[in-house]
Every structure is written in C-alpha cells, then in structure tokens.
Amino acid sequence: MNLQRFFILACCFFSSVLMAAPVTSYLPNETSYATNIPTPEQILGLTIGERHLRHAQLTQYFSALAQASKRVKLTQIGKTNEYRPQFLATISSPENLKNLTSILATRQDPQAKSPLVIWLGYSIHGDEISGANAAMVVAYYLAASQNKAIKELLKNTIIVMEPSINPDGMDKFVQWATMFRGKADNSDPEHIEHHQGWFTGRTNHYGFDLNRDWLLLTQTESEHRLKYFYLYHPNVLADFHEMGANNSYFFQPGIPSRTNPLTPKGNVELTNLLANYHAKTFDKHQRLYFSQESFDDFYYGKGSTYPDINGAVGILFEQASSRGYQQQTDNGLLTLEFAIQNHVLTSLSTINGAWKNREKLAKYRHDFYQQAENAATKERFSGYIVNQNDDRYRLNAFLDKLQQQQIKVYPLTNDFRNKGKIYPAKTSYYVPLKQPQYRLIQAIFAQPTQFKDNTFYDVSGWTLPLAMNINFDKVERTWGLKLAKTTWQAKHKPVNKLEANAYAYVFEWQNYLAPKLLNSLLSQGIEAKVATKSFTTLIKGNKKTFAAGTIMIPAGLQKKSHWQAILATASQQANIDLFSLNTGLTVAGIDLGSRAFSHLTPIKVLLVGGKGVSQYEAGEILFYLDQQLNIPVSIVEHPRLANVDLSHYTHIIMVDGNYSKIDEKIEFKLSAWLKAGGTLYAQKRAAKWLSDKSLLKVDFVSKNHIKQLFDTDELTYKDKETLAARKRISGAIFNTRVDISHPLAFGYQQNNLPVFSNSTLIMQKPSTPFVSVLSYTDTPLLSGYSDQHLINTMAHTPVIIAHDLAKGRVIASVDDLVFRGYWYGTAKILANSLFFSKAFSTTMN
C-alpha cells in the first residue's frame with residue numbers, strides 16, 4: 001500500500017459515537033500492530049478517554065513505550081516549577097535514533113540535506129486536555145504500526161512530540177475535573193466540573209499563559225523547550241488547543257489580513273496547502289470545521305506563530321472543549337473522546353501533509369534563511385546598537401533572550417558615536433542585521449504603528465528593548481564601529497569585598513535585583529535607610545556620587561550578631577556591590593546622618609485574588625515578587641478579606657478585576673487599614689474601584705466620553721468589528737515622562753520610560769501637584785496600534801498617581817507594570833511602592 005493511500009484510509013476509521021475505548025479503536029482496522037508494544041490500557045489500566053489522566057500517568061506510558069520500542073526515544077528537557085518532568089518523545093526509525101545526534105547537528109545548517117522534522121505539541125493550556133490524550137494514541141500508532149508505509153515514512157522523518165507542554169496546569173485541571181465527576185454521566189454545562197476555580201489549569205504554576213511566552217522566555221518551561229526547538233529545527237510545528245464548547249474545529253490559516261508582514265508568502269502558501277489535508281480528512285468524517293476566521297498569525301510569541309519567524313510552518317488547531325468529560329453544546333453532545341479523535345485525525349493529517357510536501361518544506365527552510373540575509377543587505381541600516389549603563393543585570397537578561405534565540409550579539413571594543421551619541425564599549429553591544437535570524441531581530445526590535453488590519457487576536461506591540469528599558473538605536477553608518485571577534489557570553493562579576501571597620505555600607509538602587517537584596521537584609525533584621533537625595537563621598541580616595549534611592553546600612557544601628565556576614569552573603573547572592581564608607585561626612589550632598597535618609601522596615605504583602613480577579617495579572621505580580629525578588633506573597637481571595645486581620649500586612653495589592661461584589665464591610669476594613677498606615681497598590685479596574693469608593697482621589701475619563709470620540713453616523717453593520725477594534729487598546733507601548741525625583745521612581749536615571757497598555761482606562765489630570773509619578777507624553781504611542789482619538793485623550797494624563805490617605809498611602813496605575821513577566825522596565829516602580837511608600841508624602845486637594 002503506498003503511503004498516500006494509507007494515510008487517507010487511516011483518517012477514515014473513526015466512529016462519531018466512539019466513547020472511552022481501547023487505543024486500537026481510534027486507529028485503522030487494516031493496520032497490524034506489534035504485540036510487544038504496550039497500549040495505554042495495558043500500562044495504565046484505563047482506556048483512552050475513560051478518565052482524565054494526570055501527568056505522571058502520561059509520563060508512565062511514554063516511558064513504557066520508549067522502553068519497548070526502538071522507534072521511540074524519551075528526553076527529559078527540564079522540570080517545571082512544581083518539579084514535574086518536561087519531556088519530548090522522538091519517534092523515527094531505529095537507525096535514525098541511533099544517529100540522532102549527528103542528524104540534529106546537520107540540521108543546524110539549513111542548506112544541508114536532512115530528514116523531515118515534524119514537531120507535535122499538545123496541551124500548552126493545561127485544561128485543554130484532549131491534546132495530551134491524543135498524543136498517546138498517535139505515539140502508540142507510530143511506535144507499533146507494522147504497515148510498510150509507516151516504516152517508510154519513519155526512515156526519512158523525525159517526529160518529535162511534546163505530549164504535555166504544561167504539566168503543572170494539566171494536573172491542576174485534572175484534579176478539578178476528577179474531583180467533581182460523579183458516577184453518573186452529567187453533560188449539564190452549568191455543572192461545576194466545567195467551571196474551574198480561580199487560577200485555572202490553563203496557566204502554569206505562576207498563572208502565566210505559556211502560549212504567549214515563546215518569544216518572551218520568562219517561564220522556565222519555555223526556556224527548556226526553546227533549546228530543543230532550535231536543536232531539532234522542525235519543518236512543521238503543530239500546536240493543539242481547545243476553544244469554547246459551542247464551536248467546532250479550527251485549523252490555520254487564520255485571517256489572511258492579520259498575518260505578520262515579516263512572515264514570508266511561502267509560509268502562507270504552505271499553510272494553505274497543508275490545510276487541504278485537514279479539510280479532506282474532516283470532510284470524509286462529515287465533521288464541522290472552519291478556517292481563516294477568528295484567529296490570526298500576528299504576534300510571534302505563540303506556538304503556532306513562533307515557527308513562522310524561524311523557517312518553519314506553524315499550525316494552530318483548536319477543538320471545541322468539553323471542559324470535563326462531556327457537555328451539551330449547540331452542536332449536540334460533546335465528549336472528551338470526540339475531542340481526542342479530532343486531534344488524532346489532524347495529527348495524522350499533519351504528518352501526511354508534511355510528508356507529501358517534504359521537498360517543498362525543505363526548500364522553503366533553505367530559502368527562508370538565504371533570503372533573510374539577502375533582505376538584510378537591502379535595509380537602510382546595518383543593525384542595532386544596544387546599551388544600558390546603570391543596570392548590568394537588566395542588560396544581560398536582554399542579551400540572554402537574544403542568545404537563546406540564536407541571535408548573534410557582539411561586544412564593542414571601542415566607544416562608538418552614533419547619531420551624536422557616545423556608546424561606551426563596556427556597556428554597549430551590536431546586533432547586525434545580516435545573520436540568519438534577520439527576521440526575528442526585526443520582530444524583536446521593530447516599532448510598527450501602522451497596520452493593514454487594526455484588529456488583533458493578541459497584542460499589537462511587544463518591542464523587547466522598550467519593555468526592558470534598554471537603550472537602542474539603528475546603526476546606519478558603521479565607520480568606527482569596532483567589535484569583538486566572538487559573540488556576547490554572560491560573565492559572572494565578583495562583588496566588592498567588605499571592609500571590616502566601615503562606618504556604613506551602601507548599594508545603588510539601579511540594579512534590577514536591588515529590591516531582592518534589600519528585602520533579604522530587612523527580613524534578616526538588618527537596619528537600613530534610603531537616601532531621598534543624592535550625595536557624593538570618597539571611595540578609596542576617589543569621588544563617587546550616589547543617586548537618590550541608594551540604600552545605606554549604618555554600622556552604628558545594627559543589632560544582629562554577625563551582621564556583616566549577613567551583608568556579605570546577601571551581596572554575593574544578589575551579585576550586587578556593597579560599598580564600604582569610612583565616614584558619615586560626605587564631599588557633597590546630604591551627610592549619612594541626615595534626615596533625608598528615610599528609615600526602612602520589613603514588608604509583608606497581601607495580594608487580593610479570587611473569582612473576578614485577573615489570574616494573569618495576579619500571576620505576574622506573584623512571579624515578580626516571589627520568583628525574581630524572593631518576597632513572600634500571601635494570596636487572599638476577596639470574600640475572605642472580611643475574616644483576615646489586615647493589621648498583619650504592610651501592603652495590599654489589587655490587580656485588574658471586577659470588585660463589584662466586595663461588600664461594605666470589606667470596604668470599611670480596607671479604608672480603616674489604609675488610614676491607619678497601610679499602603680494599597682492598585683492597577684487598572686482595581687484603581688477605578690478605589691476611585692469610585694473615594695479612596696483614590698482622582699477621576700477617570702468616562703466610557704461615554706470615549707464612546708463620543710468616534711463618529712458612527714456613516715457606519716454600516718459590516719463596520720461593527722472595525723469600530724470595536726478602534727475603541728480598544730489590545731496591547732501597545734506608550735512613552736511616559738517620569739518624575740525621577742519622586743521616591744517611587746528611585747533607580748531611574750532618564751526622564752522617559754516606556755509602558756505597556758491594554759485598556760482604555762484613563763485618569764484625568766489632577767490639579768494637585770506632586771502626585772503624578774508617570775504621565776503619558778504629548779505623542780505617546782511608541783509601538784503597536786491605538787486609534788488617534790485615544791492617543792490624543794491619553795496625552796499628558798497620569799499613568800501612576802500616589803498620595804496620602806491619613807497615615808496611609810494609595811498608589812494607583814492604569815497600566816500593568818509587570819506585563820507577562822518581561823516588562824523589566826517598569827517593574828522597579830512596583831518594588832518602590834513596597835519599600836519606599838513612606839518615603840514620600842503628598843496630600844490631594
């Protein structure tokens with residue numbers, strides 16, 4: 001039987017009423033299977049779809065499969081935050097697996113001939129569980145089939161599977177669904193089984209959507225995977241998801257007008273070509289499906305789009321979700337088994353389509369990289385220069401993201417003048433355009449503000465150096481640009497040694513991890529103060545100026561034994577220099593005993609959570625404070641606030657959410673806690689709620705005002721979606737002006753700071769001075785889409801307001817300061833809100 005005929009038959013075997021059944025019931029009847037290869041039911045004691053499987057069971061089956069089959073090789077690529085293993089299953093002929101190392105080495109050269117590589121990634125959203133179950137069926141099929149066509153395919157193809165991209169989220173969901181499943185089948189959509197609690201299984205341990213993190217690389221799961229993505233360099237990557245229960249089945253291409261212009265036309269053509277194989281399969285089974293609707297291919301941080309900027313073809317598959325075992329929908333009874341069937345079908349149609357078009361895919365990959373370097377030579381500039389003088393950690397974090405994505409970055413060996421600005425060699429680097437990752441470089445650095453289609457499924461702007469507040473510019477003339485011969489490599493810099501008899505020790509606040517060091521010291525009983533004004537002192541005979549925000553540890557105030565050992569250890573762990581000062585008398589500015597040094601105290605943070613609160617923004621706060629700064633965060637669901645003694649906490653954080661169900665008792669408690677000296681930080685709708693309750697003394701631009709900005713007189717019904725897109729900010733980057741003298745802006749040296757905005761909440765400009773920490777500039781849009789009416793309305797309005805409320809402080813932001821974990825640029829303001837909230841005092845009129 002030839003391979004094409006075999007795959008056509010293989011995709012025609014399903015019964016639309018198949019319930020939980022042995023794996024062979026999902027597979028072709030005319031195929032024989034090796035009896036020594038175990039089925040899932042033999043290993044797990046369960047048939048496919050009978051129960052939601054935990055990640056450990058998934059791992060158990062794949063381990064057994066790899067042990068029994070010479071076609072399967074298992075590779076652990078890392079561990080999640082909850083210490084579950086991440087693994088890949090590579091499936092090919094025994095000969096290919098024996099030579100896998102050399103084959104993958106060959107694939108590093110896109111011009112070299114090598115086998116077709118297909119990557120199948122399942123259930124990156126942990127509660128979209130049908131994918132992980134389908135992975136077992138597909139793996140068994142490829143490992144056990146005795147059909148000659150499959151053996152032929154595996155001789156010339158490497159299939160790499162990631163059966164569960166999000167193990168922590170998977171188990172979170174399985175626990176929920178299993179806990180509420182009864183003995184009797186219940187397909188009622190209102191049953192609790194289909195409605196997860198807060199912090200759903202969609203996200204990972206920290207509440208992050210891993211399907212937005214391919215480009216950003218903030219989460220450990222993403223970093224582990226990307227290393228192997230570039231090791232295998234797939235020709236095709238299939239990304240299996242679920243969507244709302246009342247849908248059918250989607251496969252790409254998405255909406256044509258919303259494809260990122262950096263994606264070559266050849267990619268779109270191949271995506272359309274492969275779509276024919278999926279359509280043919282579903283047509284034979286009379287299954288509903290759709291394409292070129294709803295979803296797009298614009299943002300490169302998703303599993304189906306990241307391959308598009310890396311010489312491969314990414315394909316998104318979305319199956320209607322039962323979000324449990326079964327659910328009544330507009331299209332009838334939807335079962336987990338039916339969802340598994342569909343993902344098995346498109347897994348096989350992907351393999352079939354890729355195999356039949358392997359030569360086209362190989363040529364596309366070859367041309368992609370060759371054309372990239374040719375296109376780079378046609379640009380009006382040669383590359384980007386990046387620089388960060390005052391925060392080596394943030395700069396290295398940015399360069400590391402580039403390096404992980406195989407972008408070559410070169411250190412400068414001499415200072416370089418570009419457009420009238422001097423870039424010091426010690427803190428500046430050059431990213432040439434002419435390299436294989438040319439398109440990805442443009443995706444990371446570009447700042448588009450004009451688009452063919454202004455509707456976006458996800459964000460429209462994500463420029464990484466803006467997000468991380470890294471100085472960068474295009475280099476149009478390279479005369480005088482001297483570079484190292486080797487690319488950037490991270491180097492560990494030892495910290496200063498402490499002088500035993502120092503009068504005081506100080507460290508600067510510019511470093512991204514300075515809050516981590518301060519919290520470590522305060523939590524261990526070290527007495528510390530923050531300078532609210534600058535000062536200049538002598539360090540080993542040389543003058544050095546310390547900016548406002550510098551932290552001082554006076555020797556005379558310390559009460560802990562071995563306190564200097566605590567300092568030394570904390571400094572080494574944070575890799576931040578402590579400077580030893582031998583006198584309290586400074587050369588200029590405030591002396592060390594000045595009242596301009598504000599005393600600092602340990603913090604204890606409460607994060608308000610629960611239904612209605614954004615799990616994404618709560619997760620971002622948690623990740624920044626817990627993972628990056630090692631600050632414990634107590635999450636309390638808002639209904640429980642009534643029974644919590646708030647006096648145990650110094651700070652309360654409220655992120656975007658619907659707080660309308662908070663009753664008057666809790667409102668009174670929050671108000672009393674605030675007025676007694678607490679600090680409340682709120683962002684977006686939480687800030688609006690505080691304003692409505694008169695706890696935040698600022699007004700917001702009304703929804704009606706924003707509505708009236710748009711003329712609708714000549715619009716017809718077909719313009720409805722376009723108008724909705726104009727009225728929202730789906731995710732763009734704006735410029736702000738910073739009051740760098742304000743304690744909440746300590747650590748910032750420049751007057752401008754990019755911020756990320758994805759809402760139309762706009763604060764009115766207050767008449768009271770000194771309360772606006774950040775304000776949008778007069779022409780704020782830097783990257784992404786926003787309608788000009790909204791841009792004009794935002795101009796000069798505050799982003800962050802901070803003021804007293806009796807003895808307490810209220811700090812409010814209309815934007816997300818730690819968006820998706822990669823907004824290093826604005827994150828420091830959140831830390832400042834915790835440590836320096838009593839270092840300022842401003843009263844609203």
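Leaving aside neighbours within four places in sequence, which residues is Asp296 in contact with? In this predicted model, the partners of Asp296 are Gln252, Ile255, Arg258, Lys302, Thr305, Thr455, Phe456, Tyr457 and Asp458. Asp296 itself is found in the loop that connects α10 (265–284) with β7 (313–320). Its relative accessible area is 1%, and because buried means under 20%, Asp296 counts as buried. The side chain of Asp296 also makes a link within its own stretch of chain, reaching the backbone nitrogen of Phe298 at 3.4 Å.

The loop holding Asp296 leads on to β7, so it is handy to turn to the sheet next. Strands of a sheet pair through backbone hydrogen bonds, in either a parallel or an antiparallel manner. Here, seven strands form an open sheet with mixed pairing, in the order β1-β2-β4-β3-β5-β7-β6. The edges are taken by β1 (72–79) and β6 (249–251); each has a single partner strand, so one side of each is left without a neighbour in the sheet. On average, neighbouring strands of this sheet are turned by 15° against each other, direction ignored.

At the β6 edge, the pairing can be followed residue by residue. Strands β6 and β7 run antiparallel and are joined by three bridges, with Phe250 standing opposite Glu318 of β7. At the β1 edge, a helix comes into view: α3 (residues 55–68) lies across β1 and β2 (85–91), and its direction makes an angle of about 35° with β2.

How values were computed: Residues numbered from 1 in each chain as written. Predicted model: local features only at pLDDT ≥ 70, side-chain atom pairs only at ≥ 80, totals over all residues. Heavy atoms only, no water. Helix = DSSP H or I, 4+ residues; strand = E, 2+ residues; numbered from the N terminus. Buried < 20%, exposed > 50% of the residue type's maximum accessible area, 1.4 Å probe, protein only. Polar contact = N/O pair within 3.5 Å; in protein donor to acceptor, adjacent residues only side chain to side chain. Contact = heavy atoms within 4.5 Å. Pairing = 2+ DSSP bridges. Axes fitted to C-alpha atoms, helices over the stretch in contact; angles between N-to-C directions.
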